[in-house]
Amino acid sequence: IPTDLHRLSNLNAFLISNTNTLSGTIPTEFGLCTELVGVTLSYTSVSGTIPSEFGKLVNLLDLDIYNSPLIGTLPSEVGSLSSLTRFSLTYTSVSGALPFEIKFLALLQLTLIH
């Protein structure tokens with residue numbers, strides 16, 4: 001994922017699916033894409049961790065990450081995504097407890113499958 005993606009100031013959806021040619025990590029600059037309402041990363045080779053900067057995506061409604069080799073824990077900053085209504089984290093190696101802050105997301109539908 002390019003680190004200068006945030007230069008697309010009107011980008012409101014980032015949907016990548018069924019491509020093993022997309023690899024690397026999720027750059028911290030992804031958090032600068034504040035107009036995003038939807039992010040999907042599925043069946044990719046994107047690895048590493050979910051950066052805490054995801055907490056800056058205040059307009060995000062839908063976050064789907066599945067069948068990607070992500071690791072680590074879910075950052076507590078995800079709990080500040082007050083607009084988030086759907087979060088699916090399936091078939092990844094993300095582990096650990098859910099952040100305490102996630103319980104304050106009243107509209108959230110959460111799907112977690114290992």
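The legends below describe close-up views of a predicted model.

**View 1. The parallel pairing of strands β2, β3 and β4.** Strands β2 and β3 pair in the parallel sense, with five bridges between them. Within this pairing, Val39 stands opposite Leu63 in β3. Strand β3 is in turn joined to β4 by five bridges, and these two strands also run parallel. Two partnerships illustrate the register of β3 against β4: Ile65 has Leu89 as its bridge partner, and Tyr66 stands opposite Thr90. Four of the five residues of β4 are buried, so this strand is largely enclosed by the rest of the structure.

**View 2. The largest nonpolar core and the surroundings of Phe87.** The largest nonpolar core comprises 29 residues, and those with the most contacts inside it are Ile1, Phe30, Leu36 and Phe87. Strands β1 (13-25), β2, β3 (62-66) and β4 (86-90) are the elements that give two or more residues to this core. The element that gives the most is β2, with three residues. In soluble globular proteins, nonpolar side chains tend to be buried together. Around Phe87, once neighbours within four places in sequence are set aside, the contacts are Leu63, Leu74, Val78, Ile102, Leu108, Gln109, Leu110 and Thr111.

**View 3. The aromatic cluster of Phe14, Phe30 and Phe54.** The structure holds four aromatic pairs. A pair of aromatic rings is described by the distance of the centres and the angle of the planes. Phe14 and Phe30 form an edge-to-face pair, at 5.2 Å centre to centre and with 80° between the planes. Because Phe14 lies in strand β1 and Phe30 in the loop between β1 and β2, this pair ties together parts that are 16 residues apart in sequence. Both partners count as buried: Phe14 has a relative accessibility of 10%, and Phe30 has one of 2%. Phe30 also pairs with Phe54, and here the rings are stacked, at 5.4 Å centre to centre and with 15° between the planes. This second pair links distant parts of the chain, with Phe30 in the loop between β1 and β2 and Phe54 in the loop between β2 and β3, 24 residues apart. Phe54 counts as buried as well, at 1% relative accessibility. Ring pairs thus link Phe14, Phe30 and Phe54 into a cluster, and Phe30 is also among the residues with the most contacts inside the largest nonpolar core.

**View 4. The buried residue Thr44 and its contacts.** Thr44 is found in strand β2, which spans residues 38-47. Its relative accessibility is 4%, below the 20% cut-off, and Thr44 therefore counts as buried. The side chain of Thr44 makes a polar contact with the side chain of Ser68, at 3.1 Å. Apart from neighbours within four places in sequence, Thr44 is in contact with Ile16, Thr19, Asn20, Leu22, Asn67, Ser68 and Pro69. One of these residues, Asn67, lies in the loop between β3 and β4, and another, Asn20, has its place in strand β1.

**View 5. Asn20 opposite a stretch of β2, with Tyr43.** Asn20 is located in strand β1, whereas Tyr43 is located in strand β2. The two residues are 23 residues apart in sequence and 7.0 Å apart in space, C-alpha to C-alpha. Not counting residues up to four places away in sequence, Asn20 touches Tyr43, Thr44 and Ser45. Asn20 counts as exposed, with a relative accessibility of 60%. Tyr43 is partly exposed, with a relative accessible area of 39%, while Thr44 counts as buried at 4% relative accessibility.

**View 6. Positive phi values at Tyr43 and Asn67.** Phi of Tyr43 is near 50°, a positive value in a residue other than glycine. This residue belongs to strand β2. Phi of Asn67 is likewise positive, near 55°, again in a residue other than glycine. Asn67 is placed in the loop between β3 and β4 and counts as partly exposed at 32% relative accessibility. Asn67 is also one of the residues in contact with Thr44.

Conventions:
Residues are numbered from 1 along each chain as its sequence is written. This is a predicted model: local features need pLDDT of at least 70, side-chain atom pairs count only at pLDDT 80 or more; totals for chains, interfaces and linings use all residues. Side-chain values use heavy atoms; hydrogens and water are left out. Buried means under 20% relative accessible area, exposed over 50%, partly exposed in between (1.4 Å probe, protein chains only). A polar contact is a pair of N or O atoms within 3.5 Å; within protein, one must be able to donate a hydrogen and the other to accept it, and residues adjacent in sequence count only if both atoms are side-chain atoms. Contact means heavy atoms within 4.5 Å. A nonpolar core is a set of buried Ala, Val, Leu, Ile, Met, Phe, Trp, Tyr and Cys residues joined through side-chain atoms within 4.5 Å. Two strands pair if DSSP finds at least two bridges between them. Rings of Phe, Tyr and Trp (its six-membered ring) pair if their centres lie within 6.5 Å; planes under 30 degrees apart count as stacked, over 60 as edge-to-face and the rest as tilted.
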